[in-house]
Amino acid sequence: MKKVLSIVIPCYNEQQNIQAFHMETEKYVQQLDVEVEYVFTDDGSKDKTLDLLRDLAETHRNVHYISFSRNFGKESAILAGLQYASGDAVILMDADLQHPPTLIPQMWSHYEEGYDQVTAKRNRNGENYARRKLTNFFYKVANRLVEVTIIDGVGDFRLLSRQAVDAVLKLTEYNRFSKGIFSWIGFHEKILEYENQTRANGVGKWSFTSLFNYAIDGILSFNNKPLRIAIYSGIFITIFGFIYILFTLVNYFLHGIDTPGYFTTISAIILLGGIQLLFLGVIGEYIGRIYYETKHRPHYLIKEKSDKE
Ligand code: UDP
Ligand code: MG
């Protein structure tokens, strides 16, 4: 019996890309001796994405779709797709052709060699200088702070074996940071490089603030090192404070009082106030996460889905 390859595609307002994506991908999967199923997740699109998916599912019996009741975000769309996919291996792809389907045959052959994760890594050609520098900096900081290793240029475009998919599905956290999850599960991994692609049609959904928030999410959702840093800073500041007090006392006994101290007082208040607020924020973020996790809400709600035979 032929092996089954599932292709999972999260889609949010991708009416301009769906058909092109399907046609383009078909070219490359047909080279393989496998049975292919497509699982499109419509993440609450406001355009004609769902209509197009219905049409596609009608005319191709290996095309399936799930449609959310509203936009739940890419992470939820990926999760739903992985839960729905039944293949021996799953490839995760974006709908906008930024993940070149030309890589599929190569990914599959590495899977057949026995790799559980075949990860595509893009270079950053064509991105502006500031963004490149900033991302670089983020990865440096993040890899210091996070226990799992996150590689620059590695996104969600990857093949996962059934074993790896099942492992990912065992992580049921509400705040999902895929980059971290894929690295956390481990398994035998192969990395493939590819040339950066610009979006085929439509607009990307990343603004500077959303990227910044994503970075904070990434750092906080995988470990408690920021809390450790808070403890260390506390220790450091306390020791410094003691030394300063001692120094002032000794000075007082030797030379008497001569401390106008206005500048020192103000700087200490501002600096300590800032540090306290910062770490209060860090603690707040963790509590916020606990709050969301304890609600046990579903990751998404399904409005409609195609029948699977
Ligand atoms: N996407 C999604 N839900 C969202 C945002 C994006 O399912 O809320 C999908 C989108 O349709 C695309 C993929 O996730 O297939 C990547 O999105 P985008 O191209 O905006 O991100 P980028 O390529 O800039 O990382
Ligand atoms: Mg994109």
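In which sense do S1 and strand S4 (residues 89–92) pair, and over how many bridges? To find out, select both strands: S1 and S4 pair in the parallel sense over four bridges, where strands count as paired if DSSP finds at least two bridges between them. Helices (H or I, at least four residues) and strands (E, at least two) are DSSP runs, numbered from the N terminus. Within this pair, Ile 7 stands opposite Ile 91 in S4.

Before going on, note that this is a predicted model, in which local features need pLDDT of at least 70 and side-chain atom pairs count only at pLDDT 80 or more, while totals for chains, interfaces and linings use all residues. Residues are numbered from 1 along each chain as its sequence is written, and chains are lettered from A and ligands numbered from 1 in the order in which they are written.

Stay with strand S1 (residues 4–11), which is mostly covered, since seven of its eight residues are buried; a residue is called buried if 20 or more other C-beta atoms, placed from the backbone, lie within 10 Å of its own, exposed if 12 or fewer, and partly exposed in between. Add strand S2 (residues 35–42), which pairs with S1 in the parallel sense over eight bridges, and look for Cys 11, which stands opposite Asp 42 in S2.

Now widen the selection to the open sheet of eight strands, whose order is S7-S5-S6-S4-S1-S2-S3-S8, with mixed pairing. Its edge strands, each pairing on one side only, are strand S7 (189–194) and strand S8 (302–305). At the S7 edge, strand S5 (residues 117–122) runs parallel to S7 and is joined to it by six bridges, and Lys 121 stands opposite Glu 193 in S7.

Next select helix H1 (residues 18–29) and helix H2 (residues 49–59). Ile 18, Gln 19 and His 22 in H1 meet Thr 49, Leu 52, Leu 53 and Leu 56 in H2, where contact asks that two C-beta atoms, placed from the backbone, lie within 7 Å.

In the loop between H1 and S2, pick Gln 30, which counts as exposed because it has 11 C-beta neighbours inside 10 Å. Gln 30 and Pro 105 are 75 residues apart in sequence, yet 9.4 Å apart in space, C-alpha to C-alpha.

Finish at helix H9, where the number buried among its 31 residues is zero, so the helix lies largely in the open. Just after H9 comes Gly 256, whose phi is positive, near 80°.
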